[in-house]
Amino acid sequence: MQIYSNKGRVKLLLLLVALLIGLSTLYYTDILVKNLSEREKKQIDLYAKGLRFAISSENSGNMNFLFESIIENNNSIPVILADENSKPVSTKNVFVDSTWTEKQKDRYLQKQIEEMKSQYAPIVVDYPGINLKNYIYYKNSKLLTQLKYYPYIQLVAISVFILISYLAFSYSRRSEQDKVWVGMSKETAHQLGTPLSGLMAWAEILKEDERIKNDGIIVEIEKDINRLATITERFSNIGSLPSYKTEDIYELVSNIIDYLKHRVGRNIEFQVVNHLGKVELQINRALFEWVIENITKNAIDAMGGKGKLTITLSIVNKHTVIDITDSGKGIPQNQFKKVFQPGFTTKQRGWGLGLTLVKRIVEEYHQGKIFVKSSEIGRGTTFRIVL
Ligand SMILES: Nc1ncnc2c1ncn2[C@@H]1O[C@H](COP(=O)(O)OP(=O)(O)O)[C@@H](O)[C@H]1O
Ligand SMILES: [Mg+2]
């Protein structure tokens, strides 16, 4: 299934494009901010020159023009003109509340001066002739500040939006998958039900027949019918809210191993190691058997008919843990998560649904966890179930 190997790459590509757009937005506004602040600086310089000119020039006609065009027209850049002791002489575009006392106003302006100093060194205006120095403090206009932070706010807003829509989409995809799982299972159980009850009835009739009663055939037929009944029960449990009972895990696992033992070659050695004391676990037996069966079947496949399969039951951190270890071909580290994805298979006749189902049963029907605990290529694999 090609889609699954490409999905990761597509996601990475999308992420890279998003990153590129984000970075270029930041870069572009940074250029804008730089240009604008350059311009603001020039305006302040002109303002300083104007002041100097006003002091030194006798030509007051030009002065009016200067004031109107430069100083009065500055409607955006906050400026404080202060004397040598940082005492404000006049301000422009600095908000001062008219209800403030002198003291409050003073304190506020000093704070403003400090802030301006941290942004730009003040422009010194020294008046030739008289021994007097003034300082022009200024800072970025509100517009410039907004422009500086705007792209960050925008990017955060967009990221949050994308995250929310991603979650919404994957939620709806999940619920759609749920519907398919549940629907298919219900349908399967339903369809199997009718011929199964028919078969059961036929078996009863055959049992009465003198000719085959003692043949042993009927025993085999009943075994297969029971097996079919088990399968039907599994599908019916996946398709509805399953019921839970206290089960003995060791007994459950041993049963499955006994069943499998007779169906695989002699070259596979089975072992069940039980470190559990008395633990009572609420389990849906039909579904949990399916879990163990799927994992052990995979393990047997991975060993290619020869090897050792060990199931260890133990308590780790107060949780019941089932480790299923094989001596098979192993799983590459980068596939530890992938093996649980629907459609992932390395087998020619595989469907890649076994472990997906296992994960679903363990995590959603039993609130447990399942993962590849360890694996080494050519040496074997351990799957761990935590309940
Ligand atoms: N014990 C194991 N050792 C090695 N590979 C495994 C093991 N269990 C699962 N896998 C890998 O995970 C894949 C998916 O398994 P599964 O979901 O059961 O689907 P399928 O058995 O149909 O391939 C397998 O094709 C195999 O590559
Ligand atoms: Mg399988």
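This passage describes a helix, a ligand site and two individual residues in a predicted model.

Helix α4, which spans residues 142-208, comprises 67 residues and extends over 97 Å from its first C-alpha to its last, a distance close to the 99 Å expected at 1.5 Å a residue. The helix nevertheless carries a kink of about 35 degrees at Tyr 149, a position shortly before the proline Pro 151. Pro 151 is itself one of the buried residues of α4, which also include Leu 144, Trp 181, Ser 185, Ala 189, Leu 196 and Ala 203. An α-helix has 3.6 residues a turn, so residues three or four places apart point the same way. Among the buried residues of this helix are Trp 181, Ser 185 and Ala 189.

Ala 168 is likewise found in helix α4, but this residue counts as partly exposed because its relative accessibility is 44%, a value that falls between the limits of 20% for buried and 50% for exposed residues. From Asn 75, Ala 168 is separated by 93 residues in sequence and by 46 Å in space, taken from C-alpha to C-alpha.

Ligand 1 is surrounded by 19 residues, of which Asn 298, Asp 326, Thr 345, Thr 346 and Lys 347 come nearest. Three side chains can be described in terms of their distances to oxygen atoms of the ligand. A polar side-chain atom of Thr 345 lies 2.5 Å from an oxygen atom of ligand 1, while an N or O atom in the side chain of Asn 298 is found 2.7 Å from an oxygen atom of the ligand, and for an N or O atom in the side chain of Lys 347 the distance to a ligand oxygen is 2.7 Å. Of the 530 Å² of accessible area that ligand 1 has on its own, 94% is covered by the protein.

With respect to secondary structure, at least two residues of the shell around ligand 1 are supplied by each of α7 (285-303), α8 (354-365) and β11 (380-386), and the contribution of α7, at three residues, is the most that is given. In composition, the shell divides into nine nonpolar, eight polar and two charged residues.

The loop that lies between β7 (281-283) and α7 contains Asn 284. Asn 284 is classed as buried because its relative accessible area is 3%, which is under the 20% limit. A polar atom of the Asn 284 side chain lies 3.3 Å from the backbone nitrogen of Ala 286.

Note on methods
Residues are numbered from 1 along each chain as its sequence is written. Chains are lettered from A and ligands numbered from 1 in the order in which they are written. This is a predicted model: local features need pLDDT of at least 70, side-chain atom pairs count only at pLDDT 80 or more; totals for chains, interfaces and linings use all residues. Side-chain values use heavy atoms; hydrogens and water are left out. Helices (H or I, at least four residues) and strands (E, at least two) are DSSP runs, numbered from the N terminus. The expected span of a helix is 1.5 Å times one less than its number of residues. The bend at a residue is the angle between axes fitted to the seven residues ending there and the seven starting there. Buried means under 20% relative accessible area, exposed over 50%, partly exposed in between (1.4 Å probe, protein chains only). A residue is near a molecule or strand if one of its heavy atoms lies within 4 Å of it. A polar contact is a pair of N or O atoms within 3.5 Å; within protein, one must be able to donate a hydrogen and the other to accept it, and residues adjacent in sequence count only if both atoms are side-chain atoms. Accessible areas come from the Shrake-Rupley method with a 1.4 Å probe; for residues, only the protein chains shown count as cover. Ala, Val, Leu, Ile, Met, Phe, Trp, Tyr, Cys and Pro count as nonpolar, Asp, Glu, Lys and Arg as charged, and the others, Gly among them, as polar.
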